[in-house]
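Trainee: I should like to learn how to read the two sides of a helix, and then how to describe a pocket. May we work through a case together?

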Amino acid sequence: MILVENVSHRIGASDILHDVSLSLPRGGLTALIGPNGAGKSTLMSLIARLQPLRQGRITVDGLEVGQVSDRDLAQKLAVMPQTAQVSARLRIEELVGFGRYPWHRGYPRPEDRAKIEEALDRFALGDLRQRFLDEVSGGQRQRAFTAMAFAQDTDYLLLDEPLNNLDIAAARDLMRLLRQMADVDGKTIVIVLHDINYATAFADHLVVMKDGRIAAQGAPSEVVTEVLLRDTFGTDARISTVEGRPVVMV
């Protein structure tokens, strides 16, 4: 379980998060949704220790963020940030291999190479392994970053807006792979999404944020209502139900 307790955060003079407390369940796929500026990515970055935690407490299976070593946390939690700063002249195989660094610390073992091969195969990247990142499509690039996180072989995987700039086919493929990681591999996936319909279609649990606070949380069928859309997103869109899950109509 990821436990967030009384977390507040400021950037300059702006309050971004206001006394946020929640527990993110172990197992399955949890989506953080909400309007722009709600604080979703900031909360994700604090859990992922990409920004220093100044007020409140966050634990991952009892490991306290900011107190436990980065190496110990990296063996428990993998992160795919919204913008990853890596060289475009990095090969796919090299990128995926970075996921094993928290384990081998620069001295790869046979089990590390086996996990890299498993990740390349799982994400259909074998034929692209020698391609540079600037030689593949946006969808293939996102698959490679997800494969790197998979190769890290952690219980938890955090992804910040991984569907940005992906077409519908690439977005659906990536969400299906994440769903498979949750169902087959037993991973706990926490993902920031802008598209509420992807969240309702693939997530088990939703956390809705607005103005740096938790507006609602629970199963998609319980959380996504026309009242929530009006009060949180400022839209009067209608909701239909398809196969037991809510769908926001355009």
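Mentor: Let us begin with burial, bearing in mind that this is a predicted model. In helix 5, the buried residues are Asp112, Lys115, Ile116, Ala119 and Leu120. Around the axis they cover an arc of only 140°, which puts them on the same side of helix 5.

Trainee: Why do residues three or four places apart point the same way in an α-helix?

Mentor: An α-helix has 3.6 residues a turn, so residues at that spacing share a direction.

Trainee: Which exposed residues does the face of helix 5 turned away from its buried side carry, and what covers the buried residues?

Mentor: The face turned away carries Pro110 and Asp121, both exposed. The cover over the buried residues of helix 5 includes helix 3 (92–98), helix 4 (101–104) and helix 6 (138–151).

Trainee: What span should the 13 residues of helix 5 have, and what follows the helix?

Mentor: At 1.5 Å a residue, helix 5 (residues 110–122) should span 18 Å, and its end C-alpha atoms are 18 Å apart, which agrees. Helix 5 is followed by Ala124, which has a positive phi, near 55°.

Trainee: Turning to the second largest pocket, what is its volume, and which residues lie nearest its centre?

Mentor: Its volume is about 200 Å³. The lining comprises 13 residues, and Arg49, Ala74, Leu77, Val79 and Gln152 lie nearest the centre. Helix 2 (70–74) and strand 6 (77–80) are the elements that give two or more residues to this lining.

Trainee: How do the lining residues of that pocket divide by character?

Mentor: Eight are nonpolar, one is polar and four are charged.

Notes
Residues numbered from 1 in each chain as written. Predicted model: local features only at pLDDT ≥ 70, side-chain atom pairs only at ≥ 80, totals over all residues. Heavy atoms only, no water. Helix = DSSP H or I, 4+ residues; strand = E, 2+ residues; numbered from the N terminus. Expected span 1.5 Å × (residues − 1). Buried < 20%, exposed > 50% of the residue type's maximum accessible area, 1.4 Å probe, protein only. Arc of directions from axis to C-beta. Contact = heavy atoms within 4.5 Å. 1 Å grid on protein atoms, 1.4 Å probe; cavity = no way out; pocket = protein on both sides within 12 Å on 5 of 7 lines; lining within 4 Å. Points joined across faces, edges and corners; volume = space filled by probe spheres on them. Nonpolar A, V, L, I, M, F, W, Y, C, P; charged D, E, K, R; others polar.
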